[in-house]
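Before you load this one into your favourite viewer, here's a quick tour. We'll start with how far to trust it and then zoom in on one strand.

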Amino acid sequence: MSSREVTEDMLSEISQKIGDGSGSYTNLIGKGWKPTLCPLVYRQPKTLSMVVMPLFIPELKHLIWGVEVEGIYLSLNATSVREYYPGFLVARACGDCSVFWGNYEMAKKRPFELPEPEEFHRWHQLSDVISPTLEFLKEEGLTVQPLQARYYVKTLPDKLQQAASRRKTETQSTTKCNLRYVLHADPMYDVTYRADDLGSPDVKILRECLKSLGYVPQSR
């Protein structure tokens with residue numbers, strides 16, 4: 001994984017260190033903050049930006065779009081899709097992206113992408129951290145589909161996007177797939193919270209993440 005796991009001890013340290021100008025965030029932990037094995041991808045409202053944190057914040061769960069795996073944002077939900085004609089999956093992704101961002105012009109700047117077989121292969125290698133995170137989010141009331149090994153979307157540079165099925169080491173064309181969109185991390189848009197090289201919380205970046213999401217801690 002590209003980030004360190006956040007522990008309960010680190011959350012306690014965060015609660016003691018972060019201030020908002022009038023006090024500290026000492027009450028946040030008591031309001032249900034939980035560390036996650038996989039960083040969560042929150043959508044920053046009315047922008048093309050995402051905020052990435054290995055933290056579940058109950059008040060912001062409606063903004064969670066996916067999980068982050070080695071710089072790739074994987075959407076929480078997969079939809080069973082049949083490819084009616086070559087390029088249909090791309091057309092569908094463009095339409096869904098326009099709805100998500102609000103209009104076509106915004107969608108052109110940051111379109112949904114169709115994952116490559118190698119990416120899905122890596123996600124299944126890391127299923128011991130991804131699957132528990134998805135299951136945790138489901139238990140918290142979010143709509144989440146588990147990773148599926150059978151179908152994925154194949155991307156070849158010299159061909160149209162095409163549905164494909166992987167069984168063991170073979171790749172076979174198919175007209176049906178579990179379509180799960182991805183976005184790639186973009187430092188121009190996104191704010192990402194990480195622990196530093198020593199494993200200590202980066203208080204400044206965490207404060208920036210919370211501010212980007214419009215989060216104001218509520219005192220007890």
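In which elements of the chain is confidence lowest and highest? This is a predicted model, and the low end is helix α1 (residues 8-17), with a mean pLDDT of 60, while strand β3 (residues 64-69) tops the list at 96. Across the chain the average pLDDT is 80, and 73% of the residues score at least 70. Then there's the stretch at residues 18-28, where pLDDT stays under 50; the model still gives that stretch 22 contacts beyond four places in sequence. Where pLDDT is low, the predicted coordinates should not be read in detail.

On to the overall picture. The chain has 6 helices and 11 strands, and 45% of its 220 residues count as buried. About 11,400 Å² is exposed, with carbon and sulfur atoms supplying 50% of that. Take the contacts between residues at least 6 apart in sequence: 66% of them join residues at least 24 apart.

Now for strand β4 (residues 72-75), which is covered on both faces: Ile 72 and Leu 74 are buried on one side, Tyr 73 and Ser 75 on the other. Here's how β4 pairs up:

| Pair | Direction | Bridges | One bridge pair |
|---|---|---|---|
| β3 and β4 | antiparallel | 4 bridges | Glu 68 and Tyr 73 |
| β4 and β10 (residues 182-184) | antiparallel | 3 bridges | Tyr 73 and Leu 183 |

So what do β3 and β4 form? They make a hairpin with 2 residues between them, and Glu 70 in the turn has a positive phi of about 50°. Tyr 73 is a handy residue to click on: it is a bridge partner of Glu 68 and also of Leu 183 in β10.

Notes: Residues are numbered from 1 along each chain as its sequence is written. This is a predicted model: local features need pLDDT of at least 70, side-chain atom pairs count only at pLDDT 80 or more; totals for chains, interfaces and linings use all residues. Side-chain values use heavy atoms; hydrogens and water are left out. Buried means under 20% relative accessible area, exposed over 50%, partly exposed in between (1.4 Å probe, protein chains only). Contact means heavy atoms within 4.5 Å. Accessible areas come from the Shrake-Rupley method with a 1.4 Å probe; for residues, only the protein chains shown count as cover. pLDDT is the predictor's confidence in each residue, from 0 to 100. Two strands pair if DSSP finds at least two bridges between them.
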